[in-house]
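Hi,

Here is the structure I promised to pass on. Have a look at it first, and my notes on what turned up follow underneath.

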There are 2 protein chains.
Amino acid sequence: MASAQESDHLDPLKDLRSRFTLPDGLIYLDGNSLGVLPTGLGDRMSEVIERQWGERLVRGWNDAGWIDLSSHVAGKIAALVGTGANCVAVGDSTSINIFKVLSAALSLRPSRRVILSDKNNFPTDLYVADGLTRLIGQGYELKLATAETMTDALDDSVAAVLLTEVDYRTGERYDMKAMTRHIHDKGALAIWDLCHSAGAFPVHLDAAGADFAIGCGYKYLNGGPGAPAFLYVAQRHLEDITPALSGWMGHDAPFAFTTDYRPAEGIGRMKVGTPPILSLSALNIALDAFDGVDMSLLRRKSQELCDRFIFEVEHRCPELELVTPRDRARRGSQVSFRHPEGYAIMQALIANGVIGDFRAPDILRFGMTPLYLRHIDILAAAEILERVMQGRLWDREEYRARAKVT
Amino acid sequence: MASAQESDHLDPLKDLRSRFTLPDGLIYLDGNSLGVLPTGLGDRMSEVIERQWGERLVRGWNDAGWIDLSSHVAGKIAALVGTGANCVAVGDSTSINIFKVLSAALSLRPSRRVILSDKNNFPTDLYVADGLTRLIGQGYELKLATAETMTDALDDSVAAVLLTEVDYRTGERYDMKAMTRHIHDKGALAIWDLCHSAGAFPVHLDAAGADFAIGCGYKYLNGGPGAPAFLYVAQRHLEDITPALSGWMGHDAPFAFTTDYRPAEGIGRMKVGTPPILSLSALNIALDAFDGVDMSLLRRKSQELCDRFIFEVEHRCPELELVTPRDRARRGSQVSFRHPEGYAIMQALIANGVIGDFRAPDILRFGMTPLYLRHIDILAAAEILERVMQGRLWDREEYRARAKVT
């Protein structure tokens, strides 16, 4: 393995770091909880607030393009997840979008009553599925399996399988294409949660044959805290869905103010209420950081960063147990280790300027965001982790000096 | 009636106008579509973006109080609608919140299958109710009546009545307390849409005995385009509701990441996903414009502005037909007129610097927002409307000069 400095020097994506504004003296390995602030976003948001809202007022819906903003953002996200703008809707939270696609999926398989998911799925996926089946009643239910028992659980009672492509704790990645084929073989529909995928590596929803997907705007897409989420509906399903969450923005003619709901053509029907324009504008601006980025290079860098972190940490901290697969194909863009004192270790790391995440009961999670992380960040994080594990204090000034070397 | 200048001089709320930044040369009578920009909001949002997000990053959830922000905002809104923070949840769109409270109401009246609403209700209310009944099936249905036939339609099949307190077209106002009592007498639950009430005049949800309510953040609350909405659940119902939209932010322990959904205590369970912090922060900042405002004075000023506009327009433009009740008690904070050429008239008004709203087929709608409107604005708007009706051009400089007089 090349030295960290050498790898950074040769990194074809190294200039992308300047598209973000990172706080001094911090190694941020939590971009999979909240992405960092894109450079210039603050100024562009001032423009949205002072000029668009302040001066144009209600005319901003037309003049400033607010009415089309969610479709505009959808086009940018579509390019990152392997589909067209006509299959992506942006707005609401991930949880709400899960409800939308699950209810749509059930309506397409009326004779089947089971939603199948992974018991290790992100909890809100399970909570939303549970709430939906409780609301409908009539024998609808959520069943849980593990990656190992999923195949057995996939019988002809299953209407839809709801899976997160990358496990938020372990970083393990499902083979979306193979799993989707398997789900289809059993007559069910495949719903993919891309919260830890979109923006982290290339996703190919159309090519994988996915039926539905949802994803988050504030992790690898850097849209800001609680940024609007997105959903995907395969082209072949669009005209067969009448949304359960049927709001005026999804109406065929929202400003005709007619009494009867008539779904908009295509993906537009998946919109519901008035979108939060300020948060949506921030997401729109943030997505420009992906302009011209070769996603296959991004993936390669992410894998290199992960490999380096695994190598350095295993070498320095043998008491930490790797839980992320070593096989590049089987993981996303994070590295997780297990330790019984994981919570305390993460607190010490954070106190020493390395921001990662703890996930109960014992997982230390480190997000590798290749748009703005450098190999020297990864090396320094491993060194600091080593000192924390050894119970030694860490000299914050040392890292600051190191960061300035580059 | 005192002159406009005199009324402005005597207005006890006249200093509130400085809490907003209004574009020069514009008379804005559309605050019931989108409220104007509060003064200083841009700077405070820069702080949220650059300091909270940019520097604190994921730590902002604790350091900057994002995790409690929706509850904090709920407290401010609660004070405007006559209840406590423990009965209000802020987040998602109005449409999504309608779904939440409707599904909750149905669960409280399991033997009844009808949602009753007003056929003149804002369309998204009807669309959402329609989508919910379609999703549940089992004979659930939405029935529509008019204000006149509502009493007859309210039989023992009705689980919940969904009404907007102030009609978005006519400005007519339901008597919330009397209607709620009537609904309760029939064994049904009362759900009030406060989109054209909250922030426009004092609302007394608890005192009226309302069961549920929803409302908008971007009209009279001035939270910015698409600002998060709010909902209300009467204290007596809180522990009996298991939300149909059950997301992780409504879980009793969101960061325990348990597989099973367990609703948070009280109103917290009505939260769903991660809230859009930028839009929510703007709403939070905007609500400070209500600090120390006596809502009964606000109501009185709103009524005076409405009265003045009705008087001046009827005097000057006899061909416009008033559709808003003359009786102060029976209207909200808007004045609407009917004219077959309403669309063209509104376009001409807007071109001449008076922003109102057209609502099909023939309604000219003028929102009276007493926080920042002056009597001279109302008078000038009536004068311009008169000239538009007479087909005369209007000299924009004249109003600019007039505005500078004060």
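The UniProt entry, which is unreviewed, has a "binding site" annotation on A:T94, A:S95, A:F122, A:P123, A:T124, A:D125, A:T164, A:D193, A:H196, A:Y218, A:W248 and A:T274. Those positions span 181 residues of sequence, and they are spread out in space too, with C-alpha atoms up to 30.5 Å apart. Keep in mind that you are looking at a predicted model.

Two of the annotated residues are worth a closer look. Start with A:T124, which sits in helix α6 of chain A, residues 123-136. Its relative accessibility is 3%, so A:T124 counts as buried. Setting aside residues up to four places away in sequence, what does A:T124 touch? In its own chain there are A:S95 and A:I98, and from chain B come B:G247 and B:W248.

The other one is A:W248, placed in the chain A loop that runs between β10 (230-233) and α10 (277-286). A:W248 is buried as well, because its relative accessibility of 11% falls under the 20% cut-off. Its contacts, again without neighbours within four places in sequence, also come from both chains. On the chain A side they are A:P254, A:F255, A:F257, A:V272, A:G273 and A:T274. On the chain B side they are B:S95, B:F122, B:T124, B:Y127 and B:Y218. If you want to click through this part, A:T274 from that contact list is also one of the annotated positions.

Away from the annotation, have a look at A:S281 in helix α10 of chain A. The A:S281 side chain reaches back to the backbone oxygen of A:I277, at 2.7 Å. With a relative accessibility of 5%, A:S281 is buried. Beyond its neighbours within four places in sequence, A:S281 is in contact with A:M45, A:V48 and A:L69.

Now the salt bridges. Over all chains the count comes to 52, and I picked out three for you.

- A:R365 pairs with A:D30, with the closest N and O atoms 3.9 Å apart. A:R365 is in strand β15 (residues 363-367) and A:D30 is in the loop between β2 (27-28) and β3 (37-38), so this pair ties together parts of chain A that are 335 residues apart in sequence. Both ends are buried, A:R365 at 2% relative accessible area and A:D30 at 1%.
- A:D63 pairs with A:R56, and here the closest N and O atoms are 2.4 Å apart. A:D63 is partly exposed at 47% relative accessibility, and A:R56 is partly exposed at 31%.
- B:R236 pairs with B:D211, at 2.8 Å between the closest N and O atoms. B:R236 belongs to the loop between β8 (230-233) and α10 (277-286) of chain B, while B:D211 is in the loop between α9 (205-208) and β7 (212-215), so the bridge ties together parts 25 residues apart in sequence. Is each end buried or partly exposed? B:R236 is partly exposed at 47% relative accessibility, whereas B:D211 is buried at 2%.

One last thing on these: A:D30 and A:R365 belong to a network that also takes in A:D357 and A:R359, joined through salt bridges that share partners.

Cheers

How values were computed. Residues are numbered from 1 along each chain as its sequence is written. Chains are lettered from A and ligands numbered from 1 in the order in which they are written. This is a predicted model: local features need pLDDT of at least 70, side-chain atom pairs count only at pLDDT 80 or more; totals for chains, interfaces and linings use all residues. Side-chain values use heavy atoms; hydrogens and water are left out. UniProt positions are given in the numbering used here, feature names are shortened, and annotations may be inferred rather than shown by experiment. Helices (H or I, at least four residues) and strands (E, at least two) are DSSP runs, numbered from the N terminus. Buried means under 20% relative accessible area, exposed over 50%, partly exposed in between (1.4 Å probe, protein chains only). Contact means heavy atoms within 4.5 Å. A polar contact is a pair of N or O atoms within 3.5 Å; within protein, one must be able to donate a hydrogen and the other to accept it, and residues adjacent in sequence count only if both atoms are side-chain atoms. A salt bridge is a side-chain nitrogen of Lys or Arg within 4 Å of a carboxyl oxygen of Asp or Glu.
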